[in-house]
Amino acid sequence: MKLSAETRTENIDWLQNNQLDLLVIGGGITGAGIALHASAKKMAVGLIEMQDFAAGTSSRSTKLVHGGLRYLKNFEVELVANVARERAIIHHNAPHIVQPRKMLLPVYDEQDASFTDFSAEIALQLYDQLGEVSDEWRYSLIPKEEVRKEAPGIKEEGLIKGGLYLDYLNDDARLTISILKTAHQQGAKIANYVKAVGYLYDEENRINGVKVADKETGETFSIYARVVVNATGPWSDETRHMQKNRQESRMLPTKGVHFVVDHSRLPVKRTIYTDTGLQDHRMLFIIPRNGKTYFGTTDTPYEGDLVDPKITKEDVTYLLEAINMRFPGANLTLADIETGWSGLRPLIQPEDAKDPSDISREHEIFISEEGLVTIGGGKLTDYRLMAEDTLKTIESLLDKKFLEVDTATIHLSGGEIKAGYTFNDYCEPAIKRGVAAGLSEADARALVDWYGTDFESVLEGLDAVKKSRLPVKDALSLQYAMQYEMALNLEDYFLRRVETLLFDYNRMRALLMPALEQMAAHYQWGEEKQQKEKEKLISAMERAHLTDLR
């Protein structure tokens, strides 16, 4: 089902001329999950996002679906139980995106270690129990000799052993887009680059809609809805502050940073989760991905531009010190970093504010006197549970029950595997169809892995891309992004519809002009628009490459 610029125009027209049961402000994973749940319940639901979908926190995470092993340190057993079980559900619904892997927890005898020789095994055992992990994926302990093989170059001093345990790889933006595509298939009217600028009120001073601005056309209009949900993550306070009555601030955003290096500089064989070794009670992820290795994250209180939280010299210094502490022979420097990204965690301000790393990731729903529903906090992994709780609140406000739906049974776009079959059962025949259509086996496999069952629609674009100067795999991906994923510009595509800008940076210069030509032809851009889009992408590339710090 197409989700294009034309779809966007149609959706905006519909939103202006119909009253909704629910309008969601925010197109990250939280808002996407709410829109999917509401549309599956046959509610009239719309969703607007002031930037591109997933442009905020939902494309700037560690790119895992994990249960939060470290939260067991703070005895947040209920939180871990909820999100650990969710991992398998999301994998079942999106097997092309969320994939199980055994990850490595090195255990050290050192000051302030998060997990000791004794507590590591207890934590891993409890983690499996809370996540209801099958025998195939249960944790195991390995001697330090095996740890060194799995993580060449890891610090040996103080190393006792390691634990292998289950967590899931993911692409955060890809997951968010797939949820939104599924919500669209269920009937939700969604549009990116539409910004909420104020609220509409009924005679009783209750919110009954939103004034919005279309950032593509400059036009303003109104959307009426019986309930409005604020799912804007780090922007939650800003969105709440647009109300007539003064709202106290509730959010405490913290910044997380990740860096990408070539895999040859950090040749780990699997994801590693370890203390930094800096006695700061912080944990570090080191993750191999498609010929690269990335690592993070920081956790520092943040004040500043929410749209583009800057990576600072202090961030670089801290993460390089941490990674070189754990891999002392690597001697990584800024010159080794190919790209990086920073994102904000939408944490809720606790009454007894402590170290940001100790603040709970539980979500909370609060309702203003004017009727605005705000969902804050939470983690990517529990987006579905957040949606469930939000819908219960909405039905209570509307005093109406809609269709009963269990979103655990809804396959996301690209994950529609027939009952009794696995994703692997789909892959090999699909790859053969791609080769028969003229793709190389490598390109066909890459597209199937990325798009899942949506590969069939990707293949339909072959005729349309014959004149493109892009490599055929890239040309097909770009064509699909414009037709089925509402990609309106080059940054939407290279940063959030595919992972090229972050994980294949060295190809970007060669792809820029052919991609611009293909997108300009599709959208009929003039020279002025083309130059503007070219400059925007180059700016995004420079930010990712940390050009201003070099």
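What is the volume of the largest cavity? In this predicted model, the largest cavity has a volume of about 60 Å³. A search of the whole structure returns 5 cavities of 30 Å³ or more. The lining of the largest cavity is made up of G33, L36, H37, N93, Y383, R384, A387, T407, I410 and L412. Sorted by character, these lining residues comprise 5 nonpolar, 4 polar and 1 charged. Two helices deserve a mention here, since α2 (29–40) and α9 (383–398) each contribute at least two residues to the lining of the largest cavity.

Helix α2 also contains A38. Is A38 buried or exposed? With a relative accessibility of 0%, A38 counts as buried, because the cut-off for a buried residue is under 20%. In sequence, A38 and T390 are separated by 352 residues, yet in space their C-alpha atoms lie 9.6 Å apart.

Two further helices can be described by how their residues are distributed around the axis. Helix α1 spans residues 5–17, 13 residues in total, and extends 19 Å from its first C-alpha to its last, close to the 18 Å expected at 1.5 Å a residue. Its buried residues are A5, T7, R8, N11, I12 and L15. These buried residues sit on the same side of α1, because they cover an arc of only 145° around the axis. The other side of α1 carries T9, E10 and N17, which are exposed. A general feature of helices helps in reading such a pattern: an α-helix has 3.6 residues a turn, so residues three or four places apart point the same way.

Helix α10 (residues 423–436) can be read in a similar manner. At 1.5 Å a residue, its 14 residues should span 20 Å, and its end C-alpha atoms are indeed 20 Å apart. Which residues of α10 are buried? They are F423, Y426, C427, A430, I431 and G434. Viewed down the axis of α10, the buried residues fall within an arc of 125°, so they line one face of the helix. The exposed residues K432 and A436 are found on the face of α10 turned away from its buried side.

Among the strands, β2 (residues 45–49) is mostly covered, with 5 of its 5 residues buried. Both faces of β2 are covered: V45, L47 and E49 are buried on one side, and G46 and I48 are buried on the other. Strand β1 (residues 20–25) runs parallel to β2 and is joined to it by 4 bridges. Within this pairing, L23 has G46 of β2 as its bridge partner.

Finally, two residues stand out for their backbone angles. Most residues other than glycine have a negative phi. E132, although not a glycine, has a positive phi of about 50°. E132 is located in the loop between α4 (117–131) and β5 (140–143), and at 61% relative accessibility it counts as exposed. Y193 is likewise not a glycine and has a positive phi of about 55°. The loop between β7 (189–192) and β8 (194–201) holds Y193. Y193 is buried, with a relative accessible area of 11%. The two loop residues thus come with opposite labels for accessibility: E132 is exposed, whereas Y193 is buried.

Technical notes: Residues numbered from 1 in each chain as written. Predicted model: local features only at pLDDT ≥ 70, side-chain atom pairs only at ≥ 80, totals over all residues. Heavy atoms only, no water. Expected span 1.5 Å × (residues − 1). Buried < 20%, exposed > 50% of the residue type's maximum accessible area, 1.4 Å probe, protein only. Arc of directions from axis to C-beta. 1 Å grid on protein atoms, 1.4 Å probe; cavity = no way out; pocket = protein on both sides within 12 Å on 5 of 7 lines; lining within 4 Å. Points joined across faces, edges and corners; volume = space filled by probe spheres on them. Nonpolar A, V, L, I, M, F, W, Y, C, P; charged D, E, K, R; others polar. Pairing = 2+ DSSP bridges.
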